[in-house]
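Got your viewer open? Let's take a walk through this structure, one selection at a time.

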Amino acid sequence: MQETKRKYVIPGDIVAEGNLKPLVNVFRNGNSIISTRIGITESSQDGAKVIPLSGVYFPRANDIVIGKILDHSSLSWSIDINSCFLAHLPAQDVFGRDFSPAQDDMGRQLSSGDIIVARIAIFDRTRDPILTIQDNDLGKIPTGELIKISPTRVPRLIGKRGSMIQTIEHATTTRITIGQNGIIVVSGKDKEGVTLAINAIHIVEVEAHTSNLTQRIKQLLNVPESEIESDDTQPSHEVNDTVTNADEFNSTKTDKEGMINSNGSK
Amino acid sequence: MSISKKSPIIVENLRKKQMRESISAGKRLDDRGLDETRPIEIEVNVIKKASGSAWVKLGKTEVVAGVKVETGEPFEGLENSGALIITAEVLPIASPHIEPGPPDEETIELARVVDRGVRESEMLDLSKLVLVPGKIVYTIFVDCSIINVDGNLFDATSYAVVAALSSCKLPVFEIKDDQVVDTGKTQEPPITTTPVSVTTVKIGEYLLLDPNIEEEACMDARLTITTNSKGSIVAMQKGLKGYFTVDEVKGIAGKARTKGEDIRAKLQELIKIGK
């Protein structure tokens, strides 16, 4: 991809001018492409977009999220997915088609305060997202340490094809489950490893936009010199990592079974 | 009992487990010790049109208090003392769990507990705020707006009120021809002591000072103790269904004194700098 100059923008700033395709977090106004978020611009022959530096999680269909059960009605659970939308998990998703509100006790399956990893099955902006746990690796997470980071930092934490998260998991012998909504569960037998992994995640969150991050994380985790690749010596690559599209995310997720099966369901 | 407008804060079960394990090891999730309070920041005279004001940050909890002085009739039975009215409001911007509307019972309790600490410590010598005994007295309003909620509103609001009152300048009113006249001059408020509120909560068998919002969502019981400059207990408020043993109450009272002394010194220093 041919790169052009990057700049920091705030909502209303011009990202690029000309006949470029408006991609994400931008809109077209006449000949200009305008930003809708605070972030870094990225223009190429494919189009212009803004990579946000901050913001809340905005749901997308097929995203893997980690949610907190708040309550349940007779037909569904309501789930906090760290977003402006409240998600719902239909009871049929857990009990099957022959679910009966009179006979099945929803509270015994999932109760308030439980953590689940789920996929956003349906979301169309007009209604609250509907979740599903009907898939391998999805469901309740019984153990682990819970941490929250900004959802805009999630792509950087995963890294290119999962490089960053694999590095952390491998070096600390932990299993890390990442939700696209910025909720992360770290589990492992070794407490020190878990603490180290949490520290590494926090560093990635704070320093997501800086260069040589993977290298510094590897040094922090005492990964041998030979394994340190400078895959992100240029800041531009850092930004590239954060523009992984939805398909790439999901392939990253499914490729890396260890990331999601910390719930023991696998 | 009225229904709280606040939506409940649900702490994840995993987080609760983490918290219990951490507390039993003597450390809290935010790296504080069990009887360690969060850093206090105070800025006084932040509202130019008020007689006195303070902006207090206790960790991420933020409270703004403003003092307004008027004259009016004294309260019944307190004809020879000025009137002091302390109110509190949790603004909807302060937390996603707060809805607009009339104050819920927790906010009313907050205002009452803060008011009690200041009133019972006799921080202001109200007998000096009388213009015509039984008829016209100074009426001092201290209105508190909570602008960010991260637990322990009792202490943060109390510090804000104390800072606003300590740093305020009262207008000098006079009676001329049976009329109240504002002379345009100001006077120092009749401060006698600095009350300090210290809140302790119980989670399981452990006692924690200055809880944050997550700890408040998990607490079994809460005890707020206000002490005056001499270290005497002037007000107490116990909340929630959980219990404290006699020894625990004694321990908490001791902490309220010792910690209160440190906080008082800090409050006085910060108010002095701000003035």
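Start with a small sheet in chain A: 3 strands lie in the order 2-4-3, open and paired in the antiparallel sense. This is a predicted model, in which local features need pLDDT of at least 70 and side-chain atom pairs count only at pLDDT 80 or more, while totals for chains, interfaces and linings use all residues. Residues are numbered from 1 along each chain as its sequence is written, and chains are lettered from A and ligands numbered from 1 in the order in which they are written.

Two terms will keep coming up. Helices (H or I, at least four residues) and strands (E, at least two) are DSSP runs, numbered from the N terminus. Two strands pair if DSSP finds at least two bridges between them.

**Stop 1: the 2-4-3 sheet**

Select strand 2 (14–17) and strand 3 (26–29) of chain A; these are the edge strands, each pairing on one side only. From one strand to the next, the twist averages 25 degrees (axes are lines fitted to C-alpha atoms, for helices over the stretch in contact, and angles run from 0 to 180 degrees between N-to-C directions). Now add strand 4 (residues 32–35) of chain A, which pairs with strand 3 of chain A in the antiparallel sense over 4 bridges. Which residue is the bridge partner of R28(A) in strand 4 of chain A? Click on I33(A) and you've found it.

**Stop 2: the 1-5-6 sheet**

Chain A has another open sheet of 3 strands, with antiparallel pairing and the order 1-5-6. Its edge strands are strand 1 (8–9) and strand 6 of chain A, each of which pairs on one side only. Select strand 5 (residues 39–44) of chain A together with strand 6 of chain A: 6 bridges join them in the antiparallel sense. They form a hairpin, with 2 residues between them. Along the pair, I40(A) stands opposite I51(A) in strand 6 of chain A, and E42(A) has K49(A) as its bridge partner there.

Is strand 6 of chain A mostly covered or mostly open? Of the 6 residues in this strand (residues 47–52), 5 are buried, so it is mostly covered. A residue is buried if 20 or more other C-beta atoms lie within 10 Å of its own, exposed if 12 or fewer, and partly exposed in between; C-beta atoms are placed from the backbone.

**Stop 3: a loop in chain A**

Zoom out for a moment: chain A holds 9 helices and 15 strands, and buried residues make up 41% of its 266 residues. Then go to T173(A), in the loop between helix 4 (163–172) and strand 14 (175–178) of chain A. T173(A) counts as partly exposed because it has 14 C-beta neighbours inside 10 Å. Its phi is near 45 degrees, a positive value in a residue other than glycine. Most residues other than glycine have a negative phi.

**Stop 4: a loop in chain B**

For another positive phi, pick D31(B): about 75 degrees, although it is not a glycine. D31(B) is found in the loop between helix 1 (13–24) and strand 1 (40–44) of chain B. With 8 C-beta neighbours inside 10 Å, D31(B) counts as exposed.

**Stop 5: a buried alanine**

Next, select A88(B) in strand 4 (residues 83–90) of chain B. Why is A88(B) buried? Because 26 other C-beta atoms lie within 10 Å. Beyond its neighbours within four places in sequence, A88(B) is in contact with residues including T107(B), L110(B) and I146(B) (two residues are in contact if their C-beta atoms, placed from the backbone, lie within 7 Å).

**Stop 6: helix 3 of chain B and the cores**

Finish on helix 3 of chain B, where 14 of its 14 residues are buried. Helix 3 of chain B supplies 10 residues, the largest share, of the largest nonpolar core. That core has 61 residues, and V56(B), A160(B) and A164(B) are among those with the most contacts inside it. A nonpolar core is a set of buried Ala, Val, Leu, Ile, Met, Phe, Trp, Tyr and Cys residues joined through C-beta atoms within 7 Å. Light up A164(B) and its contacts, including G52(B), A65(B) and V142(B). A second, separate core of 48 residues includes L131(A), I158(A), I178(A) and A208(A).
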